[in-house]
Amino acid sequence: MVPLAAVLFGLAAVSPVTGQTWNRAGTSASVSGWVRDATGVPQIGALVQVLAPNARLVGTAVTDMKGRYRLVNLPAGSYLVRATQALYLPAQRDNLKLVSGSRAVVDLTLATLFTPSQWLPAQRREPEESGDDWMWTLRSSASRPILRWVDDGTGAVSSVEYSSSATELSHKTMSENRLALISDDSGFAHGGVHQSLTMERVHPDGVGSILRADLSGARTPYPVAPSADVVVGFERGTVWSGYQRTLLTYHLHPELVGRGSSNGMQAATIRSAQRVELGDTVMIDAGSMLREVNMAGNAVSMLPFVRVSVKPAEHVILTYGYATSGELQSLDDLDRVEVEMPVAVAMNGHLRTQRGEHQTLGLSGRAGRSVMEIAIYRDKIDAAPIAGTGVLTSTEIAAGGVVADPTTQSFRALSGEYESSGYRVLLKEELTKAISLTGQYETGSALIADGSTDASVQGVLGSLRAMKTYAATVSLNGRLLRTGTRFRAAYRWQPESTLTAVDAYHSYGDAAYFGLHLRQPLHINGMLPHGFEAVVDVTNLLAQGYRPFVSSDGRTLYFAQAPKVLQAGLSFTF
C-alpha cells in the first residue's frame with residue numbers, strides 16, 4: 001500500500017500548490033506561506049496541517065518544489081497551523097484567527113533534532129557522532145516526535161515536554177522503518193556484511209517503541225553461525241514533566257573465542273533511565289544498567305547512575321554526575337539504540353567485565369554562538385577495555401585475560417585497577433547555521449605498557465601502568481546545504497604510547513586520532529526513491545598509536561587505543 005504522504009507528495013510534484021480541506025460548507029478564508037529549514041532551504045513535500053482547538057484536522061496541504069503551500073475554503077475560527085517533515089522537529093503557529101474572506105500568510109521554519117540548543121548548553125554526547133545512524137527518534141510517519149523541545153523566546157531551549165499523541169492517533173498507529181546493509185571487515189565482533197532492520201512505532205496511547213535487529217552474513221572461511229544483535233525499547237511519559245526510557249539488548253556472537261576453547265558469547269542488558277524536571281531550574285536523570293554475560297561462565301552486574309543539573313541563571317548550567325558505566329551516564333545516552341559488545345574475559349576462574357566509578361562536576365554556559373564547558377572529574381576504574389589486532393594462538397587464548405574474534409583478526413582484554421583525575425575544557429563555536437567547530441583539552445591518567453616487544457600478551461597486560469598525561473581534540477561537523485551531506489571530521493591526539501583514553505568516561509570525546517563520518521542522501525536523477533542514504537564511518541584513518549609486540553609463535557601483534565575500522569553501507573527509510 002502506498003502511504004498517504006507519498007500520494008500527497010506526488011500530487012504536489014504535479015501542481016505548484018496542493019491543498020485539501022475536510023469541511024467546505026460556508027467557507028472563504030485561506031492560509032498560505034513557505035516552509036523552510038533553519039538555514040533557509042525550502043522544504044519540498046512537507047506536510048502542513050490546520051487543526052481546530054479540539055485537535056480536529058480541518059485541512060492539509062503538501063509543499064511544492066519551492067516549499068510553498070496553500071489551503072483554501074477554511075471556516076472562520078481559531079486554528080493551529082503545523083508543518084512536519086521527516087528528520088525535522090514540527091513547527092507550528094498557535095492561535096491563528098481567521099475571519100470570513102481573510103487571507104493569512106504563515107511562514108514556518110523547521111529545525112532538526114540537533115539544531116536547537118538543548119536544555120543544557122553543552123551535552124556529553126555530540127549529536128553529530130556516528131551513532132546517529134540508529135537514533136531513537138520516536139517519530140510518527142507524519143514526523144511528530146513524542147518529545148519536543150520548548151523555546152523560551154530567547155533562542156535557548158528551557159525545557160523538554162512529553163507530548164501525548166493519543167488524540168491525534170486515536171484511529172491510526174504511526175510507524176517508521178529503516179533497512180540497512182553495512183559492511184565492516186575490521187571491527188571487533190562486527191565483521192562481515194550485516195543486514196539491519198529498525199522499526200519505530202508511536203502507539204495510540206502515546207507510548208513510543210522501537211525494535212532493531214542486526215544479523216550478520218556468513219563469516220567465510222570460518223565455520224561459525226551468523227551473529228545477532230536485537231534491541232527492544234519503549235518510552236512513556238511520567239509525572240513531574242518527565243519521561244522514562246528502557247532498552248533491552250541481546251547479543252549472540254558465536255565467532256568469539258575465550259579461555260578454555262569456549263566458543264561464543266551471549267550478553268543480555270537492560271538499560272533504563274528516567275528524567276524528572278522540577279520547573280526550569282532542576283533536571284534529574286537517574287537509572288541503571290543490568291547486564292549478564294555468558295562465556296565460559298556467567299557475570300552479572302548492576303551499574304547505576306545519577307545526574308543532577310541546576311540552572312542558576314539563563315544559559316548557565318551546573319552539573320554533578322555519578323556513574324558506574326561509560327555506556328550509561330544520562331538518559332540521553334539511550335538515544336543510541338546500537339550499543340557496543342561488552343568485553344568479558346576469564347581470569348582465575350572468574351569472568352571479569354568492565355566497570356568502575358566516575359564522578360564529575362561541571363559548569364557550562366552559552367554566549368551567542370559559543371558554548372563553553374569546564375569540568376573536573378575523578379575515576380576509579382576496576383577494568384578498562386584494551387583493544388588489540390592480530391591472530392592469537394590457542395595457547396595465548398587459553399592463558400586467559402583476552403577474548404578473540406578470529407573473523408576480524410582482533411581481540412579485547414581488560415586492564416587492572418587504576419585511578420584517574422583531572423579536568424577538561426571544551427569550546428564550541430557555530431561558524432554558520434549549519435557548521436560548527438569544537439575544541440577540547442583534557443588532563444588525566446591513561447595506561448601505558450612497559451613490557452618489551454617480545455613479551456607475551458599476558459606479559460604486556462601485566463606491565464600496564466597509569467601515566468599522567470593530556471589529550472586534545474578538534475572536530476568540524478555540520479551539513480552541506482546544497483548536497484544534503486552530513487559530516488563529522490575529528491582529530492583527537494594523545495601520546496601514542498597510551499592504550500586507554502584520557503577521561504575515559506567522557507562520551508563526548510572521539511576515538512583516538514583521525515576519524516571521519518559521512519552520510520550522503522542519494523538522488524540519482526530521480527531513479528531512487530526518497531530515503532536512500534550512503535554511510536561511511538572511519539576510525540583512526542591514519543592507523544596511529546599501534547604498540548607492537550611479538551607473540552609466542554613469532555607473529556607481530558598490536559595493542560592500540562583505537563584500531564583502524566572502516567564501515568560503509570546503504571540505508572533506506574520508509
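How much accessible surface does the protein have, and what share of it belongs to carbon and sulfur atoms? In this predicted model, the accessible surface comes to about 24,900 Å², and carbon and sulfur atoms hold 59% of that area. The protein contains 37 strands and three helices. Its chain has 574 residues, of which 50% count as buried. Among contacts with a separation of 6 or more, 64% join residues that are 24 or more positions apart.

The largest nonpolar core consists of 23 residues. Val-31, Tyr-69, Val-81 and Leu-98 have the most contacts inside this core. Two or more core residues come from each of the strands β2 (29-37), β3 (47-51), β4 (57-62), β5 (68-74), β6 (77-84), β8 (91-98) and β10 (108-112). The surroundings of Val-81 can be listed in full. Apart from neighbours within four places in sequence, Val-81 is in contact with Val-48, Gln-49, Val-50, Tyr-69, Ala-91, Gln-92, Arg-93, Leu-96, Val-106 and Leu-108. Another core, of 22 residues, lies apart from the largest one and includes Leu-392, Ala-404, Tyr-505 and Leu-557.

Leu-392 also appears in the description of a pocket. The second largest pocket encloses about 200 Å³ of space. This pocket is lined by 13 residues, and those closest to its centre are Val-257, Val-391, Leu-392, Ile-397 and Pro-406. Strands β27 (402-405) and β28 (410-414) are the elements that give two or more residues to the lining.

Several polar residues were examined one by one. Asp-285 is located in strand β19, which spans residues 282-294. With a relative accessible area of 3%, Asp-285 falls under the 20% limit and is therefore classed as buried. The side chain of Asp-285 makes a polar contact of 2.8 Å with the side chain of Arg-275. Beyond residues up to four places away in sequence, Asp-285 touches Gln-274, Arg-275, Phe-305, Val-306, Arg-307, Ser-330, Leu-331 and Asp-332.

Gln-274 is also listed among the residues around Gln-244. Gln-244 sits in strand β17 (residues 242-258) and counts as buried at 16% relative accessibility. When residues up to four places away in sequence are not counted, Gln-244 touches Phe-234, Glu-235, Arg-236, Thr-238, Ser-272, Ala-273 and Gln-274.

Ala-273 serves as a reference point for Asp-333 as well. The two residues are 60 residues apart along the chain, and their C-alpha atoms are separated by 9.3 Å. Asp-333 belongs to the loop between β21 and β22 (344-347), and its relative accessibility of 2% places it among the buried residues. The side chain of Asp-333 reaches the backbone nitrogen of Gln-329 at 2.7 Å.

Gln-354 occupies the loop between β23 (350-353) and β24 (355-367). A polar atom of its side chain lies 3.2 Å from the backbone nitrogen of Val-343. Leaving aside neighbours within four places in sequence, Gln-354 is in contact with Arg-291, Pro-342, Val-343, Ala-383, Pro-385 and Leu-414. For Gln-354 and Leu-414, a sequence separation of 60 residues goes with a C-alpha to C-alpha distance of 7.0 Å.

What is the sign of phi in His-315 and in Asn-540? His-315 has a phi near 65°, a positive value in a residue other than glycine. A positive value is likewise found in Asn-540, where phi is near 50°. His-315 lies in the loop between β20 (298-313) and β21 (316-323), while Asn-540 is in the loop between β34 (532-539) and β35 (547-550). Are these loop residues buried or exposed? His-315 is partly exposed, with a relative accessible area of 24%, whereas Asn-540 is buried, with a value of 0%.

Strand β35, which bounds the loop of Asn-540, contains Phe-549. Phe-549 counts as buried at 2% relative accessibility. Along the chain, Phe-549 and Val-457 are 92 residues apart, yet their C-alpha atoms are separated by 8.1 Å.

Conventions
Residues numbered from 1 in each chain as written. Predicted model: local features only at pLDDT ≥ 70, side-chain atom pairs only at ≥ 80, totals over all residues. Heavy atoms only, no water. Helix = DSSP H or I, 4+ residues; strand = E, 2+ residues; numbered from the N terminus. Buried < 20%, exposed > 50% of the residue type's maximum accessible area, 1.4 Å probe, protein only. Polar contact = N/O pair within 3.5 Å; in protein donor to acceptor, adjacent residues only side chain to side chain. Contact = heavy atoms within 4.5 Å. Areas by Shrake-Rupley, 256 points an atom, 1.4 Å probe, with all protein chains shown as cover. Core = buried A, V, L, I, M, F, W, Y, C linked by side-chain atoms within 4.5 Å. 1 Å grid on protein atoms, 1.4 Å probe; cavity = no way out; pocket = protein on both sides within 12 Å on 5 of 7 lines; lining within 4 Å. Points joined across faces, edges and corners; volume = space filled by probe spheres on them.
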